[in-house]
Amino acid sequence: MERYSNDNGYAIRATQSYGVNDIVHELKGEYVDSPTRTSIEVGSGKHIEDKLGIYINHSFTPTCKIDNGCVVSLTNIKIDQEITFNYNDSETRMATPFIDKGTNNMVSGKILNTFACNHIEKFT
């Protein structure tokens, strides 16, 4: 994996091909107790600041997932393809929730997203 610049800022792309369920990257770095804008949740109350992971973007159609402290491919990934994961699937709560530009859906982690969905359903 390597960082590169795209229209939205920085992102991470594959430097080799991966098959489904391959480990793309093992997350390493400083552990923190609470989520930050750039941390990735790797366990209950356990977040990591990985030097490449901080640039992995969110996607509702991700190429990867976070599993046991690793970035694991969900699909076949080609060289130069962007590495992404769904923040709503891996993060319990987020320090800085946002609206996804492509879908206008909330990206806030499991807790806030569940709360928002339950309240939206009640009012529709």
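These legends walk through a few close-up views of one predicted protein model.

Residues are counted from 1 along each chain as its sequence is written, and side-chain values use heavy atoms, with hydrogens and water left out. Because the model is predicted, local features need a pLDDT of at least 70 and side-chain atom pairs count only at pLDDT 80 or more, while totals for chains, interfaces and linings use all residues.

**View 1. The whole chain, with two helices and 12 strands.** Helices here are DSSP runs of H or I with at least four residues, strands are runs of E with at least two, and both are numbered from the N terminus. Start at the N terminus and the elements read β-β-β-β-β-β-β-β-β-β-α-β-β-α. Of the 124 residues, 37% are buried (buried is under 20% relative accessible area, exposed is over 50%, and partly exposed is in between, with a 1.4 Å probe and protein chains only). Take the contacts (heavy atoms within 4.5 Å) with a separation of 6 or more: 50% of them link residues 24 or more positions apart. About 7500 Å² of the chain is exposed, and carbon and sulfur atoms supply 48% of that; the areas come from the Shrake-Rupley method with a 1.4 Å probe.

**View 2. Strand β9 and its two faces.** In a regular strand, side chains alternate between the two faces of the sheet. Here, C70 and V72 point one way from β9 (residues 70–73), V71 and S73 point the other way, and all are buried. C70 counts as buried because its relative accessibility is 11%.

**View 3. The partners of β9, strands β3 and β8.** Strands pair if DSSP finds at least two bridges between them. Strand β3 (residues 23–26) runs antiparallel to β9, joined by three bridges, and β8 (residues 64–67) is also antiparallel to β9, with four bridges. Look for V72: it is the bridge partner of I23 and also of K65. Two residues sit between the strands in the hairpin of β8 and β9, where N68 takes a positive phi near 55 degrees.

**View 4. T84 and its contacts.** T84 sits in strand β10 (residues 84–85). With 7% relative accessibility, T84 counts as buried. Setting aside neighbours within four places in sequence, T84 touches I56, N57, H58, S59, T61, P62, T63 and C64. C64 is itself buried, with a relative accessible area of 1%.

**View 5. Cysteines and disulfides.** How many disulfides does the count come to? The count is zero, using the rule that a disulfide is a pair of cysteine sulfur atoms within 2.5 Å.
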